[in-house]
Amino acid sequence: MKRHFITLVALAILIWPALAPAADEAQVLSQGAPALAESCAACHGPDGRAQAGIPPLAGNPEAVMRAQLLAFRNDEIPGATVMPRLARGFSEEELKALAAWFAGLDPEEESGSDSNGEQP
Ligand code: HEC
């Protein structure tokens, strides 16, 4: 009896990690994007509102950023400095998730926004 219990516990532990990746990939990415985006915060700011000299990301069109990230990854943007190296550290799916994540962020500061709903 006790032996069965131990076997069951061991099985559950073994099976758990196998079950986790079975979740829908898009869902995993949408939940993982905030964590991935943390590696961009050092330069692009925690909310994608960039520091001096670094282009802002928050609210940029998703399709544009997706194209930029994939182009960085393929070394197709002349004059780029760090982004090609960084982009190569992510899968295509992760870069798409990051583009979607930053596109969904508000480019305006919380204070002083006149919130007319228009993007510049
Ligand atoms: C080490 C600093 C640094 C980090 C970290 C960083 N970036 Fe960048 N990013 C830059 C710089 C600098 C540029 C301008 C292009 C270049 O020089 O490579 C840029 C440009 C971009 C652009 C193009 C924006 C435009 O309007 O031209 C996108 C999109 C972008 N980064 C996304 C990301 C994402 C997503 C991450 C996280 C995976 C990230 N960056 C992490 C420094 C950084």
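Here a biologist asks a modeller about a predicted model and the reasons behind its labels.

Biologist: Before we start, what should I know about the model and its numbering?

Modeller: Residues are numbered from 1 along each chain, as its sequence is written. The model is predicted, so local features need pLDDT of at least 70, side-chain atom pairs count only at pLDDT 80 or more, and totals for chains, interfaces and linings use all residues.

Biologist: How many helices and strands does the protein have, and what makes a stretch count as one?

Modeller: The protein comes to 5 helices and 0 strands, and from the N terminus on the elements run α-α-α-α-α. Helices (H or I, at least four residues) and strands (E, at least two) are DSSP runs, numbered from the N terminus.

Biologist: How do you know that the span of helix 3 agrees with its number of residues?

Modeller: The expected span is 1.5 Å times one less than the number of residues. Helix 3 (residues 62-73) has 12 residues and should therefore span 16 Å, and its end C-alpha atoms are indeed 16 Å apart. Helix 5 passes the check as well: its 12 residues should span 16 Å, and its end C-alpha atoms are 17 Å apart, which agrees.

Biologist: Why is Ala41 called buried or exposed?

Modeller: A residue is buried if 20 or more other C-beta atoms lie within 10 Å of its own, exposed if 12 or fewer, and partly exposed in between, with C-beta atoms placed from the backbone. Ala41 has 11 C-beta neighbours inside 10 Å, so Ala41 counts as exposed. Ala41 lies in helix 2. Its C-alpha atom is 9.8 Å from that of Gln51, which is 10 residues apart from Ala41 in sequence.

Biologist: And what do the counts make of Gly59 and Arg49?

Modeller: Gly59 has 17 C-beta neighbours inside 10 Å, so Gly59 counts as partly exposed. Arg49 also has 17, and therefore counts as partly exposed. Gly59 is in the loop between helix 2 and helix 3, and Arg49 is in that loop too.

Biologist: Which residues is Arg49 in contact with, and what makes two residues a contact?

Modeller: Two residues are in contact if their C-beta atoms, placed from the backbone, lie within 7 Å. Leaving aside neighbours within four places in sequence, Arg49 is in contact with Pro56, Ala58 and Pro107. Arg49 and Asp106 are 57 residues apart in sequence, while their C-alpha atoms are 8.7 Å apart in space. For Gly59 and Ala100, 41 residues apart along the chain, the C-alpha separation is 9.4 Å.

Biologist: What is worth noticing about Asp75?

Modeller: Asp75 has a positive phi of about 60° although it is not a glycine. Asp75 comes just after helix 3, in the loop between helix 3 and helix 4. With 12 C-beta neighbours inside 10 Å, Asp75 counts as exposed.

Biologist: How do you know that the buried residues of helix 3 are on the same side?

Modeller: The buried residues of helix 3 are Met65, Gln68, Leu69, Phe72 and Arg73. They cover an arc of only 135° around the axis, which puts them on the same side of helix 3. That arc is taken from the directions from the helix axis to the C-beta atoms. On the other side of helix 3, Ala63 and Val64 are exposed. What covers the buried residues includes helix 4 (83-87) and helix 5 (92-103).

Biologist: What makes a group of residues a nonpolar core, and which residues form the largest one?

Modeller: A nonpolar core is a set of buried Ala, Val, Leu, Ile, Met, Phe, Trp, Tyr and Cys residues joined through C-beta atoms within 7 Å. The largest has 11 residues: Leu57, Met65, Leu69, Phe72, Ala87, Leu95, Ala97, Leu98, Ala99, Trp101 and Phe102. Helix 3 and helix 5 are the elements that give two or more residues to this core, and the largest share, 6 residues, comes from helix 5. Ala87 touches Leu69, Phe72, Arg73 and Leu95, not counting residues up to four places away in sequence.

Biologist: Which residues come nearest to the ligand, and what makes a residue near?

Modeller: A residue is near a molecule or strand if its C-beta atom, placed from the backbone, lies within 6 Å of it. Of the 17 residues around the ligand, Cys40, Cys43, Ala80, Thr81 and Met83 come nearest. The largest share of the shell, 5 residues, comes from helix 2.
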